Amino acid sequence: MASFGRVIRLVVGACALLLVIAASTPSSAQQVNPTASAVKEQQLLQELNQIQGRVSIPDQRSGVLEQPAGRVWREFRNVTLRWIGGIAILGMIAVIVIFYLSRGMVRLDSGRSGRTIVRFTAFERFVHWMTATCFIILAISGLNITFGRPLLLPLIGFETFSEWSQWAKYAHNYLSFPFTIGVVLIFLTWIGGNIPNKVDIDWIKRGGGLVGHDHPPAYRFNAGQKAFYWIVVISGTLVAVTGYQLMLPFYLTGIEGMQLAQIVHSTVAVLFVAAMIAHIYIGTIGMEGAFEAMGTGTVDINWAQEHHSLWLEEQNARTSANDARPQPAATPAE
Amino acid sequence: MARMKFLCDADRCIECNACVTACKNEHEVPWGINRRRVVTINDGKPGERSISMACMHCTDAPCAAVCPVNCFYTTADGVVLHSKDLCIGCGYCFYACPFGAPQYPKVGNFGSRGKMDKCTFCAGGPEADGSKEEYEKYGANRLAEGKLPLCAEMCSTKSLLAGDGEIIAQIYKERVMKRGYGSGAWGWKTAYRETIES
């Protein structure tokens with residue numbers, strides 16, 4: 001019983017002590033605002049444009065609590081990009097149609113000679129067509145992501161559109177690999193002929209033979225082709241790098257980085273598509289005798305004379321060292 | 001109809017992570033996916049606050065706006081849901097979401113992320129309410145059973161509130177009035193373009 005009494009005394013004493021403490025503190029407790037030092041949402045957002053903290057689950061990336069920057073990206077994706085893409089692609093098509101109707105096909109002024117010269121080897125054509133095939137599928141599947149919902153979805157319905165978009169996404173992701181290899185090979189294969197030089201200035205001044213019926217001299221690639229080469233190399237690199245960044249989320253950057261990557265990827269891509277529409281035009285119905293360069297790999301001597309006179313001279317000089325005649329290249333490479 | 005919202009009273013959250021666990025268990029959410037998480041800001045410093053965050057079921061939801069296949073829809077209760085049958089796993093909702101809500105089962109697998117998964121406000125998906133298909137894809141549909149989201153229902157400090165926006169805002173306002181402080185309705189301005197004046 002003595003020990004029980006001791007416990008009682010202890011408890012009573014403790015309670016009394018607590019009462020004393022409680023009685024002495026209210027004046028200060030009322031002045032303490034527990035939120036005075038508390039983190040404020042708007043303040044944090046103004047400081048960093050995102051709120052980040054610590055999480056105890058393994059996925060540390062979920063520590064980003066809020067990132068309202070997605071709103072800016074949404075505006076870009078749904079409005080800005082559609083304007084840029086629409087104007088670039090439809091504008092390019094309109095320009096080409098007007099050009100074709102007013103200027104027509106660039107004809108071979110001197111007709112065909114019947115003799116041909118090798119312009120692109122089988123390897124060069126393989127690289128070109130591999131990249132080109134990938135590009136067309138990547139372009140269609142990419143444009144589907146931006147323009148499919150307003151244009152195609154209402155026509156074919158939700159299920160069909162989703163099914164198609166799913167396959168388009170797989171194609172887009174996996175064909176990026178041969179496309180990237182193609183861009184690297186294009187860069188390496190044709191870098192030699194694509195360094196800008198003085199001849200290009202003269203070629204541009206004379207309208208490249210597109211405007212009027214002039215035939216300014218050019219080496220293997222004229223200024224227009226060099227422009228396409230650098231568009232492919234630079235745009236191809238940009239879309240590849242940003243594309244892989246989007247394919248491998250969080251490997252390189254966080255969300256803001258991916259938003260930025262998508263902006264670069266899609267903007268460059270729609271301009272790239274517009275440029276390639278011009279390339280396809282000039283390589284097919286825009287110029288007589290041009291397609292066969294990438295088709296059979298050989299061009300008519302007169303075509304080479306009109307469009308790439310300096311290159312033809314080079315080739316003749318090279319072959320005449322071994323052989324007196326210009327190379328007839330009777331057998332196509334395929 | 002109600003306009004369903006979440007509100008986390010950060011001055012009450014004790015970072016017990018029970019909402020996270022309850023959510024995972026209720027919906028049998030696969031490994032690696034967390035529909036809800038608790039983020040602690042200024043951890044260990046004065047003014048530290050923890051906020052439980054999941055999909056906020058935004059007004060004019062950015063995820064729905066940017067989805068290339070238009071797989072999102074808003075229910076009559078204002079809950080933002082999506083169809084996993086239509087989702088192509090492109091990741092766009094995830095770039096647009098201010099709250100990091102969309103989750104993918106296969107992040108980093110050459111972009112084939114798998115079908116997006118996120119908080120459904122315990123309201124399932126487009127399949128028939130309470131069906132096996134619905135449960136497998138989206139988890140339980142408590143709303144159809146007349147119940148509110150489990151995370152909020154079982155919150156031990158009643159920090160996390162889920163329900164009609166006006167009612168939970170009123171509860172929060174009363175709390176702030178009574179105790180004299182409140183660090184605000186986190187995420188409301190971003191999600192609903194409005195905040196609770198206190």
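**Exercise 1. Side chains of a strand**

Task: In S2(B), sort B:Arg37, B:Val38, B:Val39, B:Thr40 and B:Ile41 by the way they point.

Solution.
- Step 1. One way from S2(B) point B:Arg37, B:Val39 and B:Ile41.
- Step 2. The other way point B:Val38 and B:Thr40.
- Step 3. Both groups are buried.
- Step 4. This is a predicted model. In it, strand S2 of chain B covers residues 37–41, and five of its five residues are buried, so the rest of the structure largely encloses this strand.

**Exercise 2. The partner strand**

Task: State which strand pairs with S2(B), and in which sense.

Solution.
- Step 1. The partner is strand S3 of chain B, residues 49–53.
- Step 2. The two strands run in the antiparallel sense, with five bridges between them.
- Step 3. Take one bridge. B:Thr40 has B:Ser50 as its bridge partner in S3(B).
- Step 4. Check the distance. B:Thr40 and B:Ser50 stand ten residues apart in sequence, yet their C-alpha atoms are 4.1 Å apart in space.

**Exercise 3. One residue up close**

Task: Decide whether B:Thr40 is buried or exposed, and list what it touches.

Solution.
- Step 1. Place the residue. B:Thr40 sits in strand S2 of chain B.
- Step 2. Count neighbours. B:Thr40 has 20 other C-beta atoms within 10 Å.
- Step 3. Apply the cut-off. A residue with 20 or more counts as buried, so B:Thr40 is buried.
- Step 4. List the contacts, leaving out residues up to four places away in sequence. In chain B, B:Thr40 touches B:Glu15, B:Glu48 and B:Ser50. In chain A, B:Thr40 touches A:Gly53 and A:Arg54.

**Exercise 4. Where the chains meet**

Task: Describe the side of chain B that touches chain A.

Solution.
- Step 1. Count both sides. Chain B brings 44 residues, in contact with 48 residues of chain A.
- Step 2. Find the elements. S2, S3, helix H2 (62–66) and H3 of chain B each give at least two residues to this side.
- Step 3. Find the largest share. S2(B) supplies it, with five residues.
- Step 4. Sort by type. The side of chain B holds 24 nonpolar, 16 polar and four charged residues.
- Step 5. Look across from chain A. Not counting residues up to four places away in sequence, A:Ser62 touches B:Asn34, B:Arg37 and B:Gly100, along with A:Val55 and A:Ile57.
- Step 6. Place A:Ser62. This residue lies in the loop between strand S1 (51–52) and strand S2 (64–66) of chain A. A:Ser62 is partly exposed, with 19 other C-beta atoms within 10 Å.

**Exercise 5. The nonpolar cores**

Task: Locate the largest nonpolar core and a second one.

Solution.
- Step 1. The largest core has 77 residues.
- Step 2. Residues with the most contacts inside this core include B:Cys8, B:Ile51, B:Cys63 and B:Leu160.
- Step 3. Helix H3 (residues 92–96) of chain B gives the largest share of this core, five residues.
- Step 4. A second, separate core has 16 residues, among them A:Phe135, A:Ile186, A:Trp190 and A:Val273.
- Step 5. Return to B:Cys63. Leaving aside neighbours within four places in sequence, B:Cys63 is in contact with B:Phe72, B:Cys93, B:Ala96, B:Cys97 and B:Pro102.

**Exercise 6. Two helices of chain A**

Task: Work out how H4(A) and H10(A) lie relative to each other.

Solution.
- Step 1. Set the scene. Chain A has 13 helices and four strands. H4(A) spans residues 70–103 and H10(A) spans residues 255–283.
- Step 2. Their axes come within 9 Å and cross at roughly 10°.
- Step 3. Angles under 35 degrees count as roughly parallel, so H4(A) and H10(A) are roughly parallel to each other.
- Step 4. Name some residues that meet. H4(A) offers, among them, A:Trp73, A:Phe76 and A:Ile96. H10(A) offers, among them, A:Gln259, A:Val273 and A:Tyr281.
- Step 5. Sort this contact by type. The residues are 17 nonpolar, four polar and no charged.

**Exercise 7. Positive phi**

Task: Place B:Asn70 and B:Lys158, and state how exposed they are.

Solution.
- Step 1. B:Asn70 has a phi near 55°, positive in a residue other than glycine. B:Lys158, not a glycine either, has a positive phi of about 55°.
- Step 2. B:Asn70 is in the loop between H2 and strand S4 (72–74) of chain B. B:Lys158 is in the loop between helix H5 (150–153) and strand S6 (160–164) of chain B.
- Step 3. B:Asn70 is partly exposed, with 19 other C-beta atoms within 10 Å. B:Lys158 also counts as partly exposed, with 13 C-beta neighbours inside 10 Å.

Notes. Residues numbered from 1 in each chain as written. Chains lettered and ligands numbered in written order. Predicted model: local features only at pLDDT ≥ 70, side-chain atom pairs only at ≥ 80, totals over all residues. Core = buried A, V, L, I, M, F, W, Y, C linked by C-beta atoms within 7 Å. Buried ≥ 20, exposed ≤ 12 C-beta atoms within 10 Å, placed from the backbone. Contact = placed C-beta atoms within 7 Å. Pairing = 2+ DSSP bridges. Axes fitted to C-alpha atoms, helices over the stretch in contact; angles between N-to-C directions. Parallel < 35°, antiparallel > 145°, perpendicular 65-115°, else oblique. Nonpolar A, V, L, I, M, F, W, Y, C, P; charged D, E, K, R; others polar.
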